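Please open the model in your viewer and keep the selection tool at hand. The tour moves from one selection to the next and says what is to be found at each stop.

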Number of protein chains: 4
Amino acid sequence: MAESLQETVPIRRQECLSSEELINTFKKVRYTTDQLCEPLSTEDFVVQSMPDASPAKWHLAHSTWFFETFLLMEHQPDYERFNANYSFLFNSYYNALGERHCRGRRGMLTRPTVRETFAYRRYVNRQIIRLLETSNLDKLQTVAPLLVLGINHEQQHQELLLTDIKHLFAMNPLRPVYRQSRVLTSRLPLPLQWKKFLGGPCCIGHDGKEFAFDNEGPRHECFLRPFEIGSRLITNEEYLTFMQDGGYDRAELWLADGWDLLKANSTKAPAYWQYLDGQWLNMTLAGLRPVDPSEPVSHVNYFEASAFAEWSSARLPTEVEWEVAAFEQSRDGNFLETGLYQPVSSGNPAPEKSVGTSSDSGMFKSSSGSNNRGNLDALQSDDWPVAQMFGDLWEWTRSSYSAYPGYKAAAGALGEYNGKFMCNQFVLRGGSCATPRSHIRLTYRNFFPPTASWQFTGIRLARDV
Amino acid sequence: MAESLQETVPIRRQECLSSEELINTFKKVRYTTDQLCEPLSTEDFVVQSMPDASPAKWHLAHSTWFFETFLLMEHQPDYERFNANYSFLFNSYYNALGERHCRGRRGMLTRPTVRETFAYRRYVNRQIIRLLETSNLDKLQTVAPLLVLGINHEQQHQELLLTDIKHLFAMNPLRPVYRQSRVLTSRLPLPLQWKKFLGGPCCIGHDGKEFAFDNEGPRHECFLRPFEIGSRLITNEEYLTFMQDGGYDRAELWLADGWDLLKANSTKAPAYWQYLDGQWLNMTLAGLRPVDPSEPVSHVNYFEASAFAEWSSARLPTEVEWEVAAFEQSRDGNFLETGLYQPVSSGNPAPEKSVGTSSDSGMFKSSSGSNNRGNLDALQSDDWPVAQMFGDLWEWTRSSYSAYPGYKAAAGALGEYNGKFMCNQFVLRGGSCATPRSHIRLTYRNFFPPTASWQFTGIRLARDV
Amino acid sequence: MAESLQETVPIRRQECLSSEELINTFKKVRYTTDQLCEPLSTEDFVVQSMPDASPAKWHLAHSTWFFETFLLMEHQPDYERFNANYSFLFNSYYNALGERHCRGRRGMLTRPTVRETFAYRRYVNRQIIRLLETSNLDKLQTVAPLLVLGINHEQQHQELLLTDIKHLFAMNPLRPVYRQSRVLTSRLPLPLQWKKFLGGPCCIGHDGKEFAFDNEGPRHECFLRPFEIGSRLITNEEYLTFMQDGGYDRAELWLADGWDLLKANSTKAPAYWQYLDGQWLNMTLAGLRPVDPSEPVSHVNYFEASAFAEWSSARLPTEVEWEVAAFEQSRDGNFLETGLYQPVSSGNPAPEKSVGTSSDSGMFKSSSGSNNRGNLDALQSDDWPVAQMFGDLWEWTRSSYSAYPGYKAAAGALGEYNGKFMCNQFVLRGGSCATPRSHIRLTYRNFFPPTASWQFTGIRLARDV
Amino acid sequence: MAESLQETVPIRRQECLSSEELINTFKKVRYTTDQLCEPLSTEDFVVQSMPDASPAKWHLAHSTWFFETFLLMEHQPDYERFNANYSFLFNSYYNALGERHCRGRRGMLTRPTVRETFAYRRYVNRQIIRLLETSNLDKLQTVAPLLVLGINHEQQHQELLLTDIKHLFAMNPLRPVYRQSRVLTSRLPLPLQWKKFLGGPCCIGHDGKEFAFDNEGPRHECFLRPFEIGSRLITNEEYLTFMQDGGYDRAELWLADGWDLLKANSTKAPAYWQYLDGQWLNMTLAGLRPVDPSEPVSHVNYFEASAFAEWSSARLPTEVEWEVAAFEQSRDGNFLETGLYQPVSSGNPAPEKSVGTSSDSGMFKSSSGSNNRGNLDALQSDDWPVAQMFGDLWEWTRSSYSAYPGYKAAAGALGEYNGKFMCNQFVLRGGSCATPRSHIRLTYRNFFPPTASWQFTGIRLARDV
């Protein structure tokens, strides 16, 4: 969900929530962001560790700018900007809204300070609440969808804030710890099995009844060939076997672009691994730790995922296959709210939620993405659960990110760029340990270039039958 | 068909041709390559004008190396290599066959000389003919598919040889002429109309009965939404209107990557256009000429095609739509054999073949790609021809280049890399004025990165209904 | 004095100062650094705005590391490091001292925090004072030269801290103010006159009697041709005339490398100038201000200085000429202590020192660099003062930075790299408004690559007679 | 003498030669160029193997363009250009003469062909001879200096043609042979001794009585400290000892820029060396040969020369020292005319000239650069010859390339850029085995950036006494 890449924000349906419900949800999500910043020193907020990442301060300001621009500037007639310069500084990529600060230089902005940025947040929070409190029902009908959109947008930046801080800390030889998470003893992972699905016509995509990003629809028919899907994510141990079998030295396993990249960077392991004194270590948000063989392998890019699948005589699933396979699976999982910020072994029990970081609420009811089951029952040939479909790690699919048939872009600045990232990116599904639980859906389509590895990305295999 | 990118050579079916037919076809195709070189000076053979292009000399040697490596070295027991170093110098990207010369440095190889390269060609030609003449029926069964593959491979390099020479000549301020083609007076183009197709299930892909590259199959079912497709290619005049309407200055029309590229290069027009003394000129293989308003616009990259479609309130077709729409259309068109090397107005009569450059033969019978019409008749709602589907220009589709469902890679060096280019490329369909007529099929999938513009690429629009 | 470039630290002579004098000087200089940081927010300390610059935090830590490494680690037997990792993080370029953190990534280090960095400074300050207080005379003889070296090193980083902060603030669209300096009304500059010097043998370089960097010696004989030197620095008004006369468009005025650089960057004005609403503005440490015509032009690189000289039918002085011309001139000037941080018109009276930032002390007596006048009187043909030789701006000379005849590198880590920067750099003389007054000498040789413009650099002309 | 870098062509004095002498010299030098091209295939003429190099064809055309532009266009009223486009294509860097073809794209110009280029040469040759034959004495006075300049310019390009071809051939895995030179059995080198020179005032630079480039003057006084200079060039064997002693791994031996370059390129040996099957091989114009321990080490850049000197507890000479030391030495040596194109052991007898390639003539009498010996006798303290000062290899000095005191640029296009390369380059002295014997002088100043290694460059040491 690199904000420069995605943020496919335009929404598809209006929400029917009371002003009070909206205010509560707004407060909770904004508060969650503040809590995520709690472990950071002032210095940590400032730096941009690579062009694809943003400073924490920028995430705080940009998500606030979004509320200011699309709600307050548009719908609060007497609204006075906190600072007129911020519209230039904190616009991400909305060309329709005028010039913006160069993405690669976000880390040059030591001003506004962190303190000023939080003041900006509080100011906009108060104004938004005032707007909601004073809106009549008509106005609420207009404003609510934008608010829900802003909330989802803020949740995207919560995940990016974490992955960007992880990237920053990984570059520091002092290996700072973001949060010392509870120590989890990994149990052995579940055995890797293959769950079969019959071929035939099926439907995927969002039906538009609840909130979704517009790239999730329209719901449409597809043909599926029979396939089977792996019962859990690939583990570090399995990935180490691939490495020991010369995975990074065998050109025949790799996409051509991936092989070139690997050669240019002398890559030998996933992004956050390093070999020290005879063992592989893994940089996590809880600091540098030995690679846990039972944990799912994370921070692999598309090329690594694809090469591993090739080596396994398998392949990555398409997003159609993934959505069909995920339909019957539990939406529970290891999300942001567990406070682990790291994937866990499939053998471990479902993580309990940690106290205080949940932004789950009445508004975010379990959302299947669709109650229209279509012929999905018919596709599934046997009946046992597939693990880790939701949470833990975003799962690379082999599907290029492109428009669903019949997709129409929304109008105006919000909709201007719906399809503008539909090029050279692959779809990822299912959310991660840094995704807010209420943010994800069956039909949710995340996307990143095949080179990206700083997100919580992992590998699930599929095969033709 | 950038050889480093494509050359998806593994074949799908064996051919049942007599040794005599094979020899004749082989000779004709090899002779066509020689003829294409006739206008070149020795100097023109040597230079690599950009990393994606290759020197003409390299094309001559590499296509010869292919026959040597996969036929002679494998199936002619007493074969002696012409020069052992050539396997290093003229391997393109087959890692399984050992080390190879760095692609970007092909233009450094002033030796072997052009004369030596032609000697190499003649040597291998004689050896191939000897192999075919002396093979019994069993051996012919083994050798024939490889030969057909080599012939198709050579045809791909015929097109690349022309596009690479065009790129080279375009960099020379003297604007050399490759061949002074017959002067064609452009008639007004046909009016742009929209042909409707009903939605529903359909089948695309190669059924495997005749020769095809393996990425064309397997044949498989898809769902189509109703759509309509433009009755001809977009003209220079239409593209000029887009330019005059600020096409290159309006971010909202462009994919994000395309906009960045355009800004970085200050692009203002298609690749081979230049503005001189108040008019737009166009570099062609017949030299620099005024842009002809009636001709199809050529040498646009994917980003330009996509932005033009956006500006037209339309979109590019998917490859499924293209194949369905092309099914009933004539396979005739402005191919390599016309000797024009430039697209022509849709209003002009079908070009006559020029004498002597045709490599068409009994072996290359009209190939529909499939005699299984499936329900295609049902999809088409009215009955008039769509122009320029075959020949003139490769047509960008909005489909990323990826594996068809059920696709399986072949074994060994030939099959090693079937899918290795399935990343960050888009599918083009229909062949161009530089494609040998016998090389193209309904199901043929060409592919290039969205940045590529040195091929004969053009724009056909589609729309949802 | 880019620390990666210069820091030519090895000293040439031992000092004979009491422990008390040393402690006082040490305290004052360290306190000056702290004062320079007073206007900075925590965020400002962290960011590296380009590879040549360093974060303020890094300057604070590195200058402290220097004292720790060369005094405490070597000469305080029971010394315990504040943090063992710091020797890796804050080593600048002393290869002999082991691995060090990549220069270009200094801005990635959000930890240690600013607070921790100041704690490090205080810890080392206390230990240094303890070392000096407890050293007997013998030990003091050993330690004093290293301390004086460390003090001079710290002063170099005071200047760099200011120029790096200026560069950082100039990249921020909010144009932060470092310090709102006293408003100085510029008087008209003095008329530009030429002071003649006769040719003949002369001596330059440091005689080694007081502290100097080793690149300032040995003192040696040279031959001078008759020349004349400009009576003051070139002003913004004069530079604007050059610009209006097409200075940036006339290749014949520029060194070949300079012309290429200018073309590549589309340079049209000095580094910190921007044209807004019909006037030229100038980023200063007091914020964005209109370009003052009477002020000396600053932040020009060597190529700009050289092109301006060419345009003026003059040339830049050699460092021999500069030193000869400066010999009789006042060492007073607009240095760091004035608190202006900006050059002032030659027509203004000598600036008063501001209170509190002076680190001048008994130890830093007026230092002529030499009391041996040699035949310098003979060289000077008339007798009126030349303005602005010291302070205001570093003056580009046309002399490449290279070893004086007879130069010998010192031994060990301190001396390891004495000559390692003697390549592709030019000598600058005289100090600037960001140089501590006590740091400069007649013989002081600063040096930077010809591309550098973020230092306080200016132009003085010379001519053959 | 990279033409883009140097070609410091303006001349200092007019010549008093008869029309016949001028014609003879002109013919001989032009004929020598033709002879140097004799071993090349047409293909070899076309390619530019790196931005600093030029295609052989370009050298042929550019040196011809020089005669056309500065003699025929200026002084032959009825002259008709061979081809008007050539002034754009073959201008090197004379901005005053209008736009020119981008240096880095010289290798894209397959047209004009080699045949056309030679026709251009013959055409201009005839016209130049006609101009000389028909000039009266007055006109000859004007034209002769330009002709002599053009001849010297052509000689510079003879050397560049050879070094550029060497670079091209070294990139070809077939390792083409330029000319199979006579096999020379290397004798042991002379022992390395140190020749002392006393310090004091001295004079260097050209006195202007015969032809010289303007950067060689004016003659001027300098002070020298006592020094001693190595009696011969450093050998491959000595350089191998440096390598085996960790020369490329010891940062303390290297200039900072050199160390960075070495690390970035993983350099381990001189440019044309490669390690194969347990031995070091050396690419020469006679093909790949084992490194000869007795030969001078060649194709080292300034950084390598400087690091070797540091390792030897010595240094490189200044150009003043070099010129003083060379004054008494024989101007004979291993120049272009020997046809060896490779340096030879100092122990071998002076090479005989090969037949036919000499362009030596009456015009190019032994040229001391000065008959004014000044006090040079006094400087030299003992009296035995120093070997290899002239020919074999250009010798890096530690002197930056800069203007001599009193240097004045000439007027017009020829003089426009006299000093434009005086930045980031070092002076080399003495000529090489690729330099025409008549081209070199005692005062000749060649110059290249410290990174350059494709010229015939070597190492001579010096030391303080």
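What follows is a walk through two sheets and two pairs of chains.

This is a predicted model, in which local features need pLDDT of at least 70 and side-chain atom pairs count only at pLDDT 80 or more, while totals for chains, interfaces and linings use all residues. Residues are numbered from 1 along each chain as its sequence is written, chains are lettered from A and ligands numbered from 1 in the order in which they are written, and side-chain values use heavy atoms, with hydrogens and water left out.

**First stop: a sheet in chain B**

Select β1, β4 and β12 of chain B, which in the order β1-β4-β12 make an open sheet of 3 strands with antiparallel pairing; strands are DSSP runs (E, at least two residues) numbered from the N terminus, and two of them pair if DSSP finds at least two bridges between them. The edges are β1 (194-197) and β12 (462-464) of chain B, and because each has a single partner strand, one side of each is left without a neighbour in the sheet. From one strand to the next, the twist averages 25°. Now colour residues 227-230 of chain B, which are strand β4, joined to the antiparallel β1(B) by 4 bridges; K195(B) has I229(B) in β4(B) as its bridge partner.

**Second stop: a sheet in chain D**

Move to chain D, where 4 strands in the order β10-β9-β8-β11 form an open sheet of mixed pairing. Its edge strands are β10 (446-448) and β11 (457-458) of chain D, each of which pairs on one side only. Select residues 394-400 (β8) and 426-429 (β9) of chain D, which pair in the antiparallel sense over 3 bridges, and look for S400(D), whose bridge partner in β9(D) is F426(D). Then add helix α9 (residues 319-326) of chain D, which packs on this sheet and touches β8 and β9 of chain D, its direction making about 10° with that of β9(D); helices are DSSP runs (H or I, at least four residues), contact means heavy atoms within 4.5 Å, and angles run from 0 to 180 degrees between N-to-C directions of axes fitted to C-alpha atoms, for helices over the stretch in contact.

**Third stop: chains A and C**

Show chains A and C together: a rotation of 180° with 0.1 Å of shift along its axis superposes chain C on chain A with an RMSD of 0.0 Å (least squares on the C-alpha atoms of residues with pLDDT of at least 70 in both copies). That is the relation of a two-fold axis. Select E43(C), which of the residues of chain C comes closest to the rotation axis, at 2.9 Å (C-alpha). Of the interface residues of chain C, 100% are also interface residues in chain A, so the copies meet through the same surface.

**Last stop: chains B and D**

Finally, show chains B and D, where a turn of 180° and a shift of 0.1 Å along the axis lay chain B on chain D with an RMSD of 0.0 Å. Of the residues of chain B, E43(B) comes closest to the rotation axis, at 2.9 Å (C-alpha).
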